[in-house]
Amino acid sequence: MNSELLWVLALLLIAIVLFATNKLRMDVVALLVIVAFVLSGTLTLPEALMGFSDPNVILIAALFVIGEGLVRTGVAYQVGDWLVRVAGSNETRMLVYLMVTVTALGAFMSSTGVVAIFIPVVLSVCARMKISPGKLMMPLSFAGLISGMMTLVATPPNMVVSSELMREGLPGLSFFSVTPVGLVVLLLGVGYMLVARYWLGNSSEDDDKGAWRRRTFRDLIRDYRLTGRARRLAILAGSPLIGQRLDDLRLRKRYGANVVGIERWRKFRRVMIGVAGNTELRQNDVLLIDMSASDVDLREFCSVQRLEPMVLRGEYFSEQARDVGMAEVSLIPDSELLGRTLYEVGFRSRYGLSVVGIRRNGEAMDGKLADEPLLLGDILLVIGDWRMIRQLHMQKNDFILLNLPAEVDDVAPAISQAPHALFCLALMVAMMLTDEVPNAMAAIIACLLMGKFRCIDMESAYRAIHWPSLILIVGMMPFALALQKTGGVALIVSGLMDVAGDAGPRVMLVCLFVLCAAIGLFISNTATAVLMAPIAIAAAKQMAVSPYPFALIIAIAASAAFMTPVSSPVNTLVLGPGRYKFGDFVIVGVPFTFLVMLVSVVVVPWLYPF
């Protein structure tokens, strides 16, 4: 083992540790890898930056835009409404239709995006059917992962594997290369979940608290302990608040006073207006305030700020429901809000909404919430203008809505263009199937047509692209080349041959699946595919068999991230709404991963002989 290989393996280990501990963003780690390779002389600058010229990186970016177009035109939400209509109140039928629908959508959209869309649908269904969301949330996440096994464009690992085949001078995977295996795994998954659901969602805690059903305002007020915290204060003449912006006053930081609404005189009557960080206060305004700090002397606060308490009948949240909306928000795994306080984020200025409650580990938090660092799994209760709440659908890089407003069509700003969006999707698939147009060009053409038909605008298109995922792929690609140049791939293949070389290619497939699934517990499935694809193809060459079964087993294993809630973002998304524990995924996910491995080892060589 030469010194260059030791350096590459050490750098790989450091990257895996950073990915697993989440001390640095994954895209930052990927960029640091590029810098390290160039400065150390392991790779030249063109070699280290080769990922930026890879057509599959462009294809993945274009597919993010296609998926956003399907959301903006309401196609995805209409599918959710259809699911509710056809499944009725039958739990078994709902589970089957849910998994099939999510898998079908995920074959053309980001699985994370599809699962995020269906979480509130499932919550609503569970509330109506009076069942625990735990019975459907894990089937939802598993279906999202299985969707990655349905088409070439369903998930980045498939395209990474195809790109590696082409780099070796071989034809890449076709659009439906993985589909037969995916269909078998889907059937297996539906049958497995029909049995496993009896182990899920049976917690008495769920039944007692009625958690995670679509709540009313009254339920939210109770669950977040908002009762008694409401204040209605009028601004008197001479108040130091007059003419000041809310952000400049820092009332929440200083007093725990969160202004969530303002009553203001307009045309001889008081109207409720939404608040933002730049809202300027006026004399005679009546502030609707949530006092989250119990140690603040209200009399002293009103005296210093020249405020007069007003009569408050009932809970103002409920009374103002027509003008002021409320929703629960869940942070996603790679949200930039994690580890930062509401004050540091400038939540109200950024989103035009106020956070009035935080639930952590199922319990509502007390005290000054603005100073509390946000953690993964926290559920935030936001309040503000309904229009701003609907716009949270566009902030998918930070969080998802768990409690959607009933007028779901209002969140689809281009709903009239839904037929055009479906046409663009169908045209892209048709071009990919004919092989007359490169896949990346087919996706770009579909994106341009979606813009032409006003399914999506340029601002939304750029915002839809998940840039950290693209940078991660670009940054991990040099690892494969570095391992090849320094003899690392040959060393790993030699080790695999020593373990399973004499036992035949099927045993080698098992070893590759296990190794890929194990690495996927610590780093993203995309990075896993980047590392494992060249090893699998090299192993096939060493055994003098077709590389396609070996390449496909890597693509399937990369999507088989069922074993823990942190194996994939879709698992993490349903962890809170399903009220699961870490062990729930281990108990249900490990046996299913084993079944997927057995099915893959049998079916893949049958479809693509050695």
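Is Met109 buried or exposed, and at what relative accessibility? In the predicted model, Met109 has a relative accessibility of 6% and therefore counts as buried, the cut-off for that class being under 20%. The residue is found in the loop between helix H6 (91-106) and helix H7 (111-129), and its C-alpha atom is separated by 8.5 Å from that of Thr155, which lies 46 residues apart from Met109 along the chain.

Confidence was considered next. The protein chain has an average pLDDT of 78, and 84% of the residues score at least 70. Among the elements of the chain, the highest mean pLDDT, 92, belongs to helix H10 (residues 179-196), whereas the lowest, 42, belongs to helix H11 (residues 204-209). Over residues 203-214 the pLDDT stays under 50, and for this stretch the model has 27 contacts beyond four places in sequence. The pLDDT is also below 50 over residues 405-412, a stretch with 15 contacts in the model beyond near neighbours in sequence.

The nonpolar interior was then examined. In soluble globular proteins, nonpolar side chains tend to be buried together. The largest nonpolar core of the model has 163 residues, and those with the most contacts inside this core are Leu140, Met428, Phe479 and Phe550. Helix H26 (residues 525-543) supplies the largest share of the core, with 12 residues. Apart from this core lies another, of 20 residues, which includes Val329, Leu353, Leu369 and Ile389. For Phe550, when neighbours within four places in sequence are left aside, the residues in contact are Pro505, Met508, Leu509, Leu512, Ala536, Ala539, Ala540, Met543, Val545 and Phe610.

Aromatic pairing involves Phe550 as well, the structure holding 8 aromatic pairs. Phe550 and Phe610 form an edge-to-face pair, with a centre-to-centre distance of 6.1 Å and an angle of 70° between the planes. This pair links distant parts of the chain, since Phe550 belongs to helix H27 (residues 547-559) and Phe610 to the segment after helix H29 (582-607), with the two positions 60 residues apart. Phe550 has a relative accessible area of 0% and is therefore buried, whereas Phe610, at 30% relative accessibility, counts as partly exposed because this value falls between the limits of 20% and 50%.

A further edge-to-face pair is formed by Phe562 and Phe592, at 4.8 Å centre to centre and with 75° between the planes. Here too distant parts of the chain are linked, Phe562 being placed in the loop between H27 and helix H28 (569-575) and Phe592 in helix H29, 30 residues apart. Phe562 counts as buried at 0% relative accessibility, and Phe592 is likewise buried, with a relative accessible area of 0%. Ring pairs join Phe562 and Phe592 with Phe142 and Tyr192 into a cluster.

The strand arrangement was also assigned. Strands of a sheet pair through backbone hydrogen bonds, either parallel or antiparallel. An open sheet of 5 strands shows antiparallel pairing and follows the order E8-E7-E9-E6-E10. Strand E8 (363-364) and strand E10 (399-401) are the edge strands, each pairing on one side only. Strand E7 (residues 354-360) pairs with strand E9 (residues 379-384) in the antiparallel sense over 5 bridges, and Val355 stands opposite Val382 in E9.

Notes:
Residues numbered from 1 in each chain as written. Predicted model: local features only at pLDDT ≥ 70, side-chain atom pairs only at ≥ 80, totals over all residues. Heavy atoms only, no water. Core = buried A, V, L, I, M, F, W, Y, C linked by side-chain atoms within 4.5 Å. Buried < 20%, exposed > 50% of the residue type's maximum accessible area, 1.4 Å probe, protein only. Helix = DSSP H or I, 4+ residues; strand = E, 2+ residues; numbered from the N terminus. Contact = heavy atoms within 4.5 Å. Phe/Tyr/Trp six-rings, centres within 6.5 Å; stacked < 30°, edge-to-face > 60°. Pairing = 2+ DSSP bridges. pLDDT = per-residue confidence, 0-100.
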